[in-house]
Amino acid sequence: MKEERVAHHEAERAAHYRREDPVFARWAEGYGVIQHSDETQVQIYELTRSLSDRGMAGDTVAFYDLLMGLDRLTSAGLWLVVHQTYAQNVYLDGRVLDTEDFKGRPEGHTGGSLNMVPAYAGYLGANVVTGCTRAWLMGQGHCVAAVDSLNLLVGNMTEAHAARYSVTDEGLTRYVRDFYSYRLGEDGQQDSPLGSHVNVHTAGGLAEGGYLGFAELQYVHMPLPDERLVAFLSDGAFEEQRGSDWAPRWWRAEDSGLVTPIMIKNGRRIDQRTTMSQQGGASWFADHLRLNGFDPIVFDGRDPAAFLWAIVDMERRLESAAEAIKDGTGRYPVSLPYGIAIAPKGAGFLGEGTNLAHNLPLMANPRIDNRAADLFNEGVRRLWVPPADLAGAVALFQRHETSGRVRERDHALAHRDVQVATIPDPPFRPVSQESRLSPDQWTTASPMTAIDRLFVAILEANPDLRPRVGNPDEMLSNRLVSTLGRLKFRVTDPEPAVPESVDGAVITALNEEAVVSAALANKGGINLVHTYEAFGSKMHGAMRQEIIFANHCLEAGRPQQWLSMPLILTSHTWENGKNEQSHQDPSMAEAMLGEPSHVSRVLFPPDFNGAAAVMEQLYRTHGQIWTLVVPKADVIPDLFTPEEARRLVIDGGLRLEWAGHQREQARLILVAVGAYQLLDVLKASRRLAERPIAHAVVYLLEPGRFRAPRSISEQAHQTSSDVIARLFPTKVAPRLFVTHTRPEMVLGLLGSLHTGSATVGLGYSNHGGTLSTHGMAFVNRCSWPHCLRAAARLLHLSDAELLSEDERRALDGKLSPHGVIVMDVAA
């Protein structure tokens, strides 16, 4: 009853405004499938007054002229999206398409793209009205047809699109033919710059959007102060990653720009209704948002004017909340405005609101089915805009110079260029030749402490960079003590005697996806993420989406200029034996080694100085993810001098001139990948030297630089042939690799160094439990005596020549290794 009264009241007000203003009334009539509800009419009329009161001229386009042009642009966008799916010829005169005008194999995410047309068009309109170019983000990247089509119509294209497409029959025909063409060019690569999802040629695109749910986690962390971002989200993705509910906890006016999240609520996944629709729809979701600190705003998702109004009004509300914080009448968390745009899936064309709308709404291929062809022509007739009307509408969206704003393809977030002004000298520890030759003289430290100290020093030297630390938990345990002390946990109600602050820069949640997204989103600043190694796998989807996009940008000649980011995997497999096998998993490092090595760099710092040298170089690079597998325990010996540590980073690997025996006459190369693996290799090396057997010891910091390159960029990232020849002389065939990861992974990765049966790998072999570090090495058959047994076989020696009887019996399972091999058992 209340809803009926409200609707009646809105209808009366809308009618009054139409009588009062003939120009408003003309727009209110709508255009084709674009209709304006009474509620939207009232909102628009009141927005007009608000803009006037605020003196906001924008691009100096008459407001209702813009809105009528917006209707026509939206209709033309819907028309072009449907053609992208089904047509291989496009005619601006709107003629009926014949059989040969249709594709033999239609393809597209049509329904979601149709829903995104009024959304993106409304975004363009909001920019005109306010004279401000906002950034945009689209979580449902498969709806890119909407964005590409509207960008083509208004001339907001990247070079790749502008070189091929235009608003002519020929240009639009090439455009629809390029969509899902699968064609390869002369260079053997994809010929079309169009993708099934947002790609590097999408004007203003920030992320592929193929991994649903990550945009929801990232948008709140993206804009810097004085920047604005509109984030288009989907109700299907709401079921994906946990953590989007926490956005109000993270937003701060002092270090964040304005964010405008808008969910396109069309109620359907691919095969059925979304869970949200099954639970109660928009009203249920609005209640859910309020419970989580949002300010929900429900509006008509079919109407571009409603999107325009929502964007402007949501920003106004957030600005008001920021002002309240500033004058002391408000407090965090603010009620973050959140738009809910309601529309049936595929609104504006046949099949809207059905499962068919997702992909191919016509039930049949119009190329071979006359009824489907008739339905297509009938549907697009209602969407067609006469070319002269379209040209007039488009002109209203091309007056950027009036307000001095950039085109949407050049919004602030699309072209980050961040530089570190100063990298302080690392806090290297002294290492003497004498001490490292004698284990009983070794000094030890935690490599994580090196990272902690240098990161804080870099922050202090670069105070203008906004920091973000992604922290699933255990920050103090992981030795990031100084980092936490400086940055503090971000909370809304700090607890006394705990390093918490309202303006803290450490984003903490027991949710790996949410916290890594906070850092990935902060491309205008400086970032660090750490986690237990075993739980890093939960971050892989977010990381891989970032790596893919950065690599594609590089291939397109547009290398990303955001500061490279460390993903630190600590409390790792070999020092987390106490926590059962769920905590013993090197899979994340292995997965990241599988990605392009010039973008996804995986490094295994061997000691304190090695970690410091890595951090010294990391923030001098751009557009890369550095996965650092780092011990946190303070039992790691200081083995590399500062000069050696720096050389290790430069070359990716190093022969240890202070280890081995008669290195120039080596019969065997022992190769370690990982700090604990190096300790076992060094112990095996000392036994070999006692025998004496000539051998060399090599440490690989960055194995990916020794792989057989799979692309030109990866080849440029490889270490030099001189380094490879020095570390792995061809005359020395026997090679034993002892690795932090599963050995099969590294042996495959380093195939170019493989010498057939003379190469053996040891490492994690899926054994674990509640064990010590030495116990973990033993049960995975990669401890120092296992290294010696493997060496004996490579050198065609008997085990007895290298191992004692008790050691052999322990390896054979006939004697407990405790007291013989494993020496760290509690009393």
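Helix α12 (residues 281-291) lies across β3, β4 and β5 and runs at about 170 degrees to β5. Contact here means heavy atoms within 4.5 Å, and axes are lines fitted to C-alpha atoms, for helices over the stretch in contact, with angles going from 0 to 180 degrees between N-to-C directions. Helices (H or I, at least four residues) and strands (E, at least two) are DSSP runs counted off from the N terminus. The model is a predicted one, with local features needing pLDDT of at least 70 and side-chain atom pairs counting only at pLDDT 80 or more, while totals for chains, interfaces and linings use all residues. Residues are numbered from 1 along each chain as its sequence is written, and side-chain values use heavy atoms, leaving out hydrogens and water.

The sheet under α12 is an open one of 5 strands, in the order β1-β2-β3-β5-β4, with parallel pairing. Its edge strands are β1 (135-138) and β4 (294-300), each of which pairs on one side only. From one strand to the next, the twist averages 20 degrees. Strands count as paired if DSSP finds at least two bridges between them. Between β3 (residues 258-265) and β5 (residues 336-342), which run parallel, there are 4 bridges; across this pairing, M263 sits opposite I340 in β5.

Another open sheet of 5 strands has mixed pairing and the order β16-β18-β17-β19-β20. At its edges stand β16 (653-655) and β20 (759-762), each with a single partner strand, so one side of each has no neighbour in the sheet. Neighbouring strands here are turned by 20 degrees against each other on average, direction ignored. Starting from the β16 edge, β16 and β18 run antiparallel and are joined by 3 bridges, with Y699 in β18 as the bridge partner of L654. On to β17, which pairs with β18 in the parallel sense over 5 bridges; V671 stands opposite V698 in β18. At the β20 edge, strand β19 (residues 735-739) and β20 also have parallel pairing, over 4 bridges, and R735 faces T759 in β20.

Strand β18 (residues 695-700) is well tucked away, with 6 of its 6 residues buried. Buried means under 20% relative accessible area, exposed means over 50%, and partly exposed is in between (1.4 Å probe, protein chains only). Both faces of β18 are covered, with H695, V697 and Y699 buried on one side and A696, V698 and L700 buried on the other.

This sheet has a helix across it too: α30 lies across β17 (668-673), β19 and β20, at about 170 degrees to β20. R789 belongs to helix α30 and counts as buried because its relative accessibility is 13%. Leaving aside residues up to four places away in sequence, R789 touches D799, L803, R808, L811 and D812. Past the helix, S798 is in the loop between α30 (784-794) and α31 (805-811). S798 is partly exposed, at 35% relative accessible area. From S798 to T741 is 57 residues in sequence and 28 Å in space, C-alpha to C-alpha.

Two other helices were checked for length, taking the expected span as 1.5 Å times one less than the number of residues. For helix α3 (residues 38-53), the 16 residues should span 22 Å, and the end C-alpha atoms are 23 Å apart, which agrees. The buried residues of α3 are T40, Q41, V42, Q43, I44, Y45, L47 and L51. Just after α3 comes G55, with a positive phi of about 65 degrees. For helix α4 (residues 63-86), the 24 residues should span 34 Å, and again the 35 Å between the end C-alpha atoms agrees. Helix α4 is mostly covered, with 22 of its 24 residues buried.

As for pockets, the largest has a volume of about 820 Å³. Of its 29 lining residues, the closest to the centre are Q190, S192, N199, H201 and H552. Helix α21 (residues 540-555) gives the largest share of the lining, 4 residues. On a 1 Å grid over the protein atoms alone, a pocket is an open set of points where a 1.4 Å probe fits, with protein on both sides within 12 Å along at least five of seven lines, and lining residues have an atom within 4 Å of a point. Grid points are joined across faces, edges and corners, and the volume is the space filled by probe spheres set on the points.
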